Amino acid sequence: MIKFMSFKNTFLLSFFMVISCVGKNMPHKNNSKNMQVGDSIRVKENDSVVKPVVVGANRTAAYLTLLKDKKVGIVANQTSIIFNNDFYRQIDSSQNQPGNPDKNYVHIVDSLLSHGIDIQKVFAPEHGFRGNADAGEEVADGKDKKTGLPVISLYGKNKKPANEQLSGLDVVVFDIQDVGVRFYTYISTLHYVMEACAENNIPVLVFDRPNPNGNYIDGPTMEKEHRSFLGMHTIPLVHGMTIGEYARMINGEKWLKDSLQCVLNVIIMDNYHHNLSYSLPVRPSPNLPNDQAINLYPGLGLFEGTNINAGRGTEFQFQRYGAPFLNKEVFKFTYTPVSNFGAKSPKHKDKLCYGEDLRNVTPPQKVSLEWIIKAYKNCADKSLFFNTDSFTKHAGTEKLQRQIEQGLTEEEIRATWQQDIENFKATREKYLLYN
């Protein structure tokens, strides 16, 4: 049984404990009375439209009373939105792009302010509060032009909120859309926020959102000695959990420093389960522009630890790969990365790359090694291929690079992952909130 830390407001602590127990390990029953803005998310199951997912942020009746008369900090970015009823009526289904974003949804910060919630400051993850910084680009502190709120960066030198940055806050809200991949850094930000709040006796309120790669678990499991901001915990590369479920695992497994646990409440979703096909309405980061990129990201993201370009500097990020030194007789597809939104200095900028176009492939429901193995085999000078330290951080292990270099097949490599995956599944089961 989790021992919660002391909390400044005994009544609110009791409220958190009661609410957080509701729906534990089961899907939340739909209750339209909780909806203040409206359900909106299109999901598909067996090629037919089913009940829309109601994300945690949309369930305002479940959390406004918890925030009333409190000084609130919020971890948010461009994905932290509440959806309007008619959102998907304006979508061109062939493009999976919103028609008029300003009318489709409202940012959670604007919504909370409109309800009279006293937001004191915003904390921004990688890519910044508005989501327009390059991957790896340091995000500076500043002020939000629209609201005037101070924005504190949690990417760069300051990855964990400092005690003085949390001073005076009664609660911290975390509302960010994740994509379910270990080296996607939003879950590392979640870890540090929970840790800082645990140290300062401040509760954390997570607004849950779907995982677009939530229907499978796969990839090498990170080894403790390779812990970094690209991987904080010993989990497979694809973990198959929502951001709320993952927060519960961090807390329950005592992964925070000194085995601390924070007061945690997850505002769960309605009508969600892990096998739903889910389209994100907003880019979770500049270089994940659509469903195809998000679904190919687990495998193509491994190219980030190599000298191969994975589509950055084009309009088809994580839907192609290539390099000037790949075999042009094998790779007939060519493209030239240029400086653009989200990639000011992409790999092989302004150079012709030989590679493969994956825009129309069916995304595999696994971490595919097909493309990285093919690229390595057809690289004439293999000393140019890996950036070893970076690749190890992305893979979470030194083994994967050695296996590829030794010529193991994908099937042989995948077999070495399986026992760790089974062990993780048993742990994961304790923290699931949805079928």
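This is a short tour of a predicted model, moving from a strand residue to a pair of helices, then to two cysteines and to a further helix.

**First stop: Val206.** Select Val206, which you will find in strand β10, the run of residues 204-207. Val206 is buried, with a relative accessible area of 0%, and it is worth displaying what surrounds this side chain before moving on. Leaving aside residues up to four places away in sequence, Val206 touches Phe174, Leu190, Ile243, Gly244, Ala247, Leu264, Asn265, Val266 and Ile267. From that list, pick Val266 and draw a distance between the two C-alpha atoms: Val206 and Val266 stand 60 residues apart along the chain, yet these atoms are separated by 4.7 Å.

**Second stop: helices α6 and α7.** Keep Leu190, Ile243 and Ala247 selected, since they are among the residues that Val206 touches and they also take part in the meeting of α6 with α7. Now extend the selection to helix α6, residues 186-199, and helix α7, residues 243-252, whose axes lie 11 Å apart and make an angle of about 50 degrees. That angle makes α6 oblique to α7, and the crossing of α6 past α7 is right-handed. Which residues in α6 and α7 meet? On the α6 side they are Ile187, Leu190, His191 and Met194, and on the α7 side Ile243, Tyr246, Ala247, Ile250 and Asn251. Colouring this contact by residue type gives 7 nonpolar residues, 2 polar ones and no charged ones. As you look along either helix, bear in mind that an α-helix has 3.6 residues a turn, so residues three or four places apart point the same way.

**Third stop: Cys197 and Cys262.** Next select Cys197 and Cys262, and show their sulfur atoms. Cys197 is in no disulfide, and its nearest cysteine sulfur, that of Cys262, is 6.8 Å away; for Cys262, in turn, the nearest cysteine sulfur is that of Cys197. A disulfide requires the two sulfur atoms to be within 2.5 Å, so this pair, at 6.8 Å, does not qualify. For the model as a whole the count is 0 disulfides. Are these cysteines buried or exposed? Cys197 is buried, with a relative accessible area of 1%, and Cys262 is likewise buried, with a value of 1%.

**Last stop: helix α9.** Finally, go to helix α9, residues 370-377, and select its buried residues, which are Trp371, Ile372, Ile373, Ala375 and Tyr376. To see what covers them, add the surrounding elements, which include the helices α8 (291-300), α10 (388-395), α11 (399-405) and α12 (410-415), together with the strands β15 (320-323) and β17 (353-357).

Key
Residues are numbered from 1 along each chain as its sequence is written. This is a predicted model: local features need pLDDT of at least 70, side-chain atom pairs count only at pLDDT 80 or more; totals for chains, interfaces and linings use all residues. Side-chain values use heavy atoms; hydrogens and water are left out. Buried means under 20% relative accessible area, exposed over 50%, partly exposed in between (1.4 Å probe, protein chains only). Helices (H or I, at least four residues) and strands (E, at least two) are DSSP runs, numbered from the N terminus. Contact means heavy atoms within 4.5 Å. Axes are lines fitted to C-alpha atoms, for helices over the stretch in contact, and angles run from 0 to 180 degrees between N-to-C directions. Angles under 35 degrees count as roughly parallel, over 145 as roughly antiparallel, 65 to 115 as roughly perpendicular and the rest as oblique. A crossing is left-handed if the near helix is turned anticlockwise from the far one by less than a right angle, and right-handed if clockwise. Ala, Val, Leu, Ile, Met, Phe, Trp, Tyr, Cys and Pro count as nonpolar, Asp, Glu, Lys and Arg as charged, and the others, Gly among them, as polar.
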